[in-house]
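Biologist: I'd like to learn how to read a model like this one. Can you walk me through it?

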Amino acid sequence: MSREEMATILEEIALLLELKDENPFKTKAYRAGAETVRSFPDDIVALAAANELKGVKGIGEALRDKLHEMATTGTLAFHTNLRAEFPSGLFELFELQGLGAKKIKTLHRDLSITSIADLKQACIENRIAGTPGFGEKTQKNLLEAITHRESHVGIFRLGTVAHVVEDLLQQLREHPDALRVAACGSYRRAKETVHDIDLLVATAAPAELTAYFTSLHGIQKVLAHGETKASVILDNGLQCDLRAVSNTQFPFALQYFSGSKEHNVALRQLALRKGWSLNEYDFTQVRDDAAPLPNVHEEKDIYQALGLQFIEPELRENLGEIEAAQEGTLPRLVEWSNLRGTFHNHTTESDGKNSLEEMAAAAQELGLQYLGIADHSKSSFQARGLHEDRLLQQVALIRELNAHDKNFKIFAGSEVDILKDGTLDYSDDLLSQLDYCVASVHNLFSLSEEDMTKRIIRAMENEHVTMLGHLTGRLLLKRESYAVNHSKIIDCAAETRTVIELNCNPMRLDMDWRWWHRARDKGVLCSINPDAHATAQLQFLHFGARLARKGWLRRDDVINTFSLEKITAWLQQPKAQR
DNA sequence: CTTTCTCTAAAGTGCACTGTGGCCAGTGC
């Protein structure tokens, strides 16, 4: 049994105990146990099997025994028995906004509802309103939550698919007949969410490659399997297509299947003007007076033949990139390797999983020169936000650690809550003692657009606010953005010299890439921040770089490409002069 | 269920919002 499986079972037990109305602290202990298992810095499965978990914080006698049972037998009787008490469909009900254990229990007990499908039917038949604890409004809200969820079935976050895709690519590359391998489609264009994955392989033996592909590990179902194309559903429900083409067709197929559709339509029109037709396999002459066909070995040759600069995949949305490529004015996009540090990260002081020292070590290992620590402020109770004295202690510790290391620097900051009226959770005096500050909204999401915009603008006007955190608060495929006027925020950021964060936690990717081009043109600077709550999450910076590219950002538009010397001096300047 | 200012029993993030049902309960951050 894997570490992840053990953690998932503990989490499931927590849900089941909630349904049984157990002591809330008991359920919390199981959830905490799941987290401990996930982030344990050693081989916890082996330790559990050997019964050597005594003394691990958060794992007491009961969890120790259960982990031992799972690690040795592969199952847990306690869990199996508990599961048998409830229908399995109940679990999906937890995914609906507004439903928790208590209400699910009532729905199950009073209305025999055991799945989302049941619930939907009951809402439509008006059977929910009138049940104790449920009224007209709740029924309407539930129906909306179900609709919202349905419209997102089959959509996946970039962060969810990235490692699956990279794994499939690696397996394909290992096949001796695979000459070139690539992922295309919206994944290659770095869309924040994707519907499916398009893989491409150049080979002289297409049938062997498609057969190999359909037999790979992690495939739930084969939808179609032909000579040059195969479609499968992966274990996580994601559809994945493979196309096998010849080596000469490869650049055309790569270009074609990378899209976007709109970008390709515009490209084909350009080709027609030269007398060529462009499809997924080659150029062909369609007029007698056509120019001679170009030699194409790589994707960039296609763009060159059409009189264009090479257009990076992230930009291919037909949002001005073709015109810019004709004029030769495409930006040189920022790259992951340009990043020297990052600013919005948490530690165990608030809701992070790793200590200050561990986070700093991980950042160094990643090749960064500096790391900004921005734990939550006191109003974020749920995240164990820091009161003034704890923040000052943290600052002192950071100063002390910095004194020992000349090659790496920790910046002392805070993710300070923007309160309802736009004032901040700490005094100006305290904020002035920090190296920088990220200001974020964490509550009262239902304010009107006008009030929310005013609230955020007031915060940006504070001279101590270096940057604005996750502008819209969205959680991709889970929670809508709160209402906020992007244009006004961008204008204000330009005026007040407030940096806007590109929060690159794959759940957020906020501010949205569609706004960055405009912000950049107004002179707004970007900070790519992983919002890391654990050392491994510093890797989210990879997604950040890709989304920044998608937003047309160059190296100099992103402050965490600045060297340690430059960023140190930059932070010390008064905000108005940055 | 775990931890501890412990040795057997108590304490364990706390507030705001929504909607329902009569001044509270459930959910979410």
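Modeller: We'll take the DNA surface, then the aromatic rings. Keep in mind that this is a predicted model.

Biologist: Okay, how many residues surround DNA strand B, and which are the closest?

Modeller: There are 37 of them, and the closest are Gly58, Gly60, Gly98, Gly100 and Leu444. By residue class, the surface near the strand divides into 14 nonpolar, 13 polar and ten charged.

Biologist: Which helix gives the largest share of that surface?

Modeller: That's α2, with five residues. The helices that each supply at least two residues are α2 (24–38), α4 (61–73), α7 (101–111) and α9 (136–150).

Biologist: And which part of DNA strand B lies within 4 Å of the protein, sugar or phosphate, or bases?

Modeller: Of those DNA atoms, 77% belong to sugar or phosphate, and the rest to bases. For single contacts, look at the backbone: a polar backbone atom of Leu63 is 3.0 Å from a phosphate oxygen of DNA strand B, and a backbone N or O atom of Thr138 also lies 3.0 Å from a phosphate oxygen. On the base side, a backbone N or O atom of Gln382 is 3.3 Å from a base oxygen.

Biologist: Now the rings. How is a pair of aromatic rings described?

Modeller: You give the distance of the centres and the angle of the planes. The whole structure has twelve aromatic pairs. Take Phe562 and Trp570: their centres are 6.2 Å apart and their planes at 75 degrees, so this pair is edge-to-face. Both residues are buried.

Biologist: Which residues do ring pairs link into a cluster?

Modeller: Phe343, Tyr370, Phe411 and Tyr436.

Technical notes: Residues numbered from 1 in each chain as written. Chains lettered and ligands numbered in written order. Predicted model: local features only at pLDDT ≥ 70, side-chain atom pairs only at ≥ 80, totals over all residues. Heavy atoms only, no water. Near = heavy atom within 4 Å. Polar contact = N/O pair within 3.5 Å; in protein donor to acceptor, adjacent residues only side chain to side chain. Helix = DSSP H or I, 4+ residues; strand = E, 2+ residues; numbered from the N terminus. Nonpolar A, V, L, I, M, F, W, Y, C, P; charged D, E, K, R; others polar. Phe/Tyr/Trp six-rings, centres within 6.5 Å; stacked < 30°, edge-to-face > 60°. Buried < 20%, exposed > 50% of the residue type's maximum accessible area, 1.4 Å probe, protein only.
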